[in-house]
Amino acid sequence: MVAELSLPIAKNLEAGLSLRHDRYSDFGGTTNPKVSLSYRPTKDLLGRGSYNTGFSAPTLTQLYSPNSTTFTANRYNDPLLCPNGVAASNAVAAQDCGIQFQRLTGGNVGLTPEESKAFTVGFVFQPNRAWSFGLDYWNYNVTNNISPLGEQTIFGASTKYASLFVRCSQAPVERRNLIGACQNPIAGRDALAYILETNQNLGDTMTDGVDVTVTWNSGATSYGRFNAALRGSYVSHFRFQVEPRGTWFYPVGNYNPQFGGPVIRYQQAINVGWEVKDWSFGLGHRYISGYRDQNANGAPFNVAPFNTRSVESYGLVDLSVAYTGSKRWSMSLCVQNLLNTAIKFTPLDGACR
């Protein structure tokens with residue numbers, strides 16, 4: 001249920017109030033408000049701001065997705081049977097040291113909802129019909145993020161996350177029978193069956209930044225209509241926790257293994273268009289700023305200079321053409337990366353960024 005109210009306060013000042021109520025059969029009800037203000041001191045300048053809270057219940061997939069086991073992406077040591085890479089007397093080195101263990105993924109019926117608070121403030125300046133300039137500051141705070149904890153975090157703090165290590169003696173029979181390490185009984189050896197990497201309620205995420213927009217429109221001319229736009233987004237801060245009240249991590253401009261990648265500091269899109277009769281043409285440029293990469297391999301590749309390389313910023317040019325002169329059919333063609341620019345490569349996971 002949603003209720004909205006527009007309230008003129010003064011000649012140039014207007015407030016907006018809205019209230020949304022959601023009810024879930026398994027989480028009960030939640031009510032979230034939004035308050036916005038717009039102020040126009042002159043006909044070509046508009047100031048605006050808003051504040052709201054949010055609520056996101058776990059999806060059916062996050063709750064009830066079937067659990068299944070698969071291998072970890074990297075190799076690890078069993079923290080009990082192979083501490084620091086040294087096999088214990090009751091260990092089997094080939095099954096307990098430097099291997100890809102099993103991990104259990106899927107849904108978790110014990111999840112609780114995510115909640116958020118956000119506010120924005122900015123302005124739009126339109127000196128004439130052709131030009132428009134916009135600048136907005138945004139700030140978001142999300143709590144109880146839903147996500148898997150991540151294998152690197154689990155193995156990196158095995159004592160803290162001891163409850164996420166499931167031994168053969170603890171695993172259900174149907175899963176234990178499918179795991180090779182559990183079929184090799186040795187006195188005093190309780191092998192690691194798998195780690196729990198199902199969805200969890202983790203820590204908080206806090207981020208803020210600025211969005212900028214510049215648009216231009218020629219209006220009708222003897223050569224058609226021309227338009228251009230620049231839209232950019234700059235992330236000032238981004239920090240997150242992988243557990244409630246845990247350590248804060250900062251992935252802006254840096255690859256972060258707990259985050260699963262980097263947060264791009266700045267990205268923008270510039271588009272230029274031309275419309276003439278039944279034809280339209282567009283030329284676009286997408287820009288993504290670079291970031292400091294990280295090497296996930298172990299020694300000796302986990303120290304400088306191997307773990308301090310940078311992935312450079314890059315830009316891509318796109319071209320589009322469209323025809324809409326027929327009532328029965330239309331045509332459009334888009335060429336992405338027109339100049340065949342090489343996308344920057346990171347050796348971390350063999351992926352292009």
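**Aromatic pairs**

I began with the aromatic rings, and a search of the whole structure, which is a predicted model, returned 16 aromatic pairs. I looked at tryptophan 138 and tyrosine 140: their ring centres are 5.8 Å apart and their planes stand at 40 degrees, so I entered the pair as tilted. I then asked how far each of the two partners is buried or exposed. Tryptophan 138 has a relative accessibility of 12% and therefore counts as buried, while tyrosine 140, at 38%, counts as partly exposed.

I turned next to tyrosine 323 and tryptophan 329, an aromatic pair that is also tilted, with 5.5 Å from centre to centre and 40 degrees between the planes. Tyrosine 323 is buried, because its relative accessible area of 18% falls under the 20% limit, whereas tryptophan 329 is partly exposed at 49%. I noted that both residues belong to one aromatic cluster, whose members are Phe226, Trp274, Trp279, Phe281, Tyr323 and Trp329.

While still on rings, I checked for a charge placed over one of them, and found the charged end of arginine 239 over the ring of tryptophan 248, at 4.2 Å from the ring centre.

**Strands around S8**

I went back to the strand that holds tyrosine 140, which is S8, residues 131-143. Which sense does its pairing with S7 take, parallel or antiparallel? Strand S7, residues 114-125, pairs with S8 in the antiparallel sense, and I recorded eleven bridges between them. The link from S7 to S8 is a hairpin of five residues. Within this pairing, alanine 118 has tyrosine 140 of S8 as its bridge partner, and this is the tyrosine that I had already entered as partly exposed at 38%.

S8 also pairs with strand S13, residues 205-217; the two run antiparallel and are joined by twelve bridges. Here I picked out leucine 135, which stands opposite valine 212 in S13.

**Glutamine 183**

I looked up glutamine 183 and placed it in the loop between helix H4 (173-176) and strand S11 (192-196). Its relative accessibility is 44%, so it counts as partly exposed. Which residues does glutamine 183 contact, once its neighbours within four places in sequence are left aside? They are Arg176, Asn177 and Leu178. With arginine 176 I could be more specific, since the backbone oxygen of that residue lies 2.7 Å from a polar atom of the glutamine 183 side chain. I also took the separation from tyrosine 234, which is 51 residues away along the chain, and the C-alpha atoms of the two residues are 53 Å apart.

**Isoleucine 264**

Isoleucine 264 is likewise in a loop, the one between S15 and strand S16 (266-276). I asked whether this residue is buried or exposed. It has a relative accessible area of 19%, and because buried means under 20%, it is entered as buried. Not counting residues up to four places away in sequence, isoleucine 264 touches Val235, Ile288, Ser289 and Tyr291. The C-alpha atoms of isoleucine 264 and glycine 282 are 26 Å apart, with the two positions 18 residues apart along the chain.

**Positive phi values**

I then looked through the backbone angles, bearing in mind that most residues other than glycine have a negative phi. Asparagine 84 has a positive phi, near 55 degrees; this residue lies in the loop between strand S5 (68-71) and helix H2 (93-96), and with a relative accessible area of 81% it is exposed. Arginine 245, not a glycine either, has a positive phi of about 60 degrees. I found arginine 245 in the loop between strand S14 (225-241) and strand S15 (248-249), where its relative accessibility of 77% makes it count as exposed.

**The chain as a whole**

I closed with the overall figures, and the secondary structure of the protein chain comes to four helices and 23 strands. Why do I describe the chain as more spread out than a compact globule? Its radius of gyration is 27 Å, well over the 20 Å that the globule rule gives for 353 residues, and the description follows from this. Along the principal axes the C-alpha atoms fill a box of roughly 85 × 50 × 50 Å. Of the 353 residues, 32% count as buried. Finally, among contacts between residues at least 6 apart in sequence, I noted that 61% join residues at least 24 apart.

Conventions: Residues are numbered from 1 along each chain as its sequence is written. This is a predicted model: local features need pLDDT of at least 70, side-chain atom pairs count only at pLDDT 80 or more; totals for chains, interfaces and linings use all residues. Side-chain values use heavy atoms; hydrogens and water are left out. Two strands pair if DSSP finds at least two bridges between them. Rings of Phe, Tyr and Trp (its six-membered ring) pair if their centres lie within 6.5 Å; planes under 30 degrees apart count as stacked, over 60 as edge-to-face and the rest as tilted. Buried means under 20% relative accessible area, exposed over 50%, partly exposed in between (1.4 Å probe, protein chains only). A charge sits over a ring if NZ of Lys or CZ of Arg is within 6 Å of the ring centre and within 35 degrees of the ring normal. Contact means heavy atoms within 4.5 Å. A polar contact is a pair of N or O atoms within 3.5 Å; within protein, one must be able to donate a hydrogen and the other to accept it, and residues adjacent in sequence count only if both atoms are side-chain atoms. The radius of gyration is taken over C-alpha atoms; the globule rule is 2.2 Å times the number of residues to the power 0.38.
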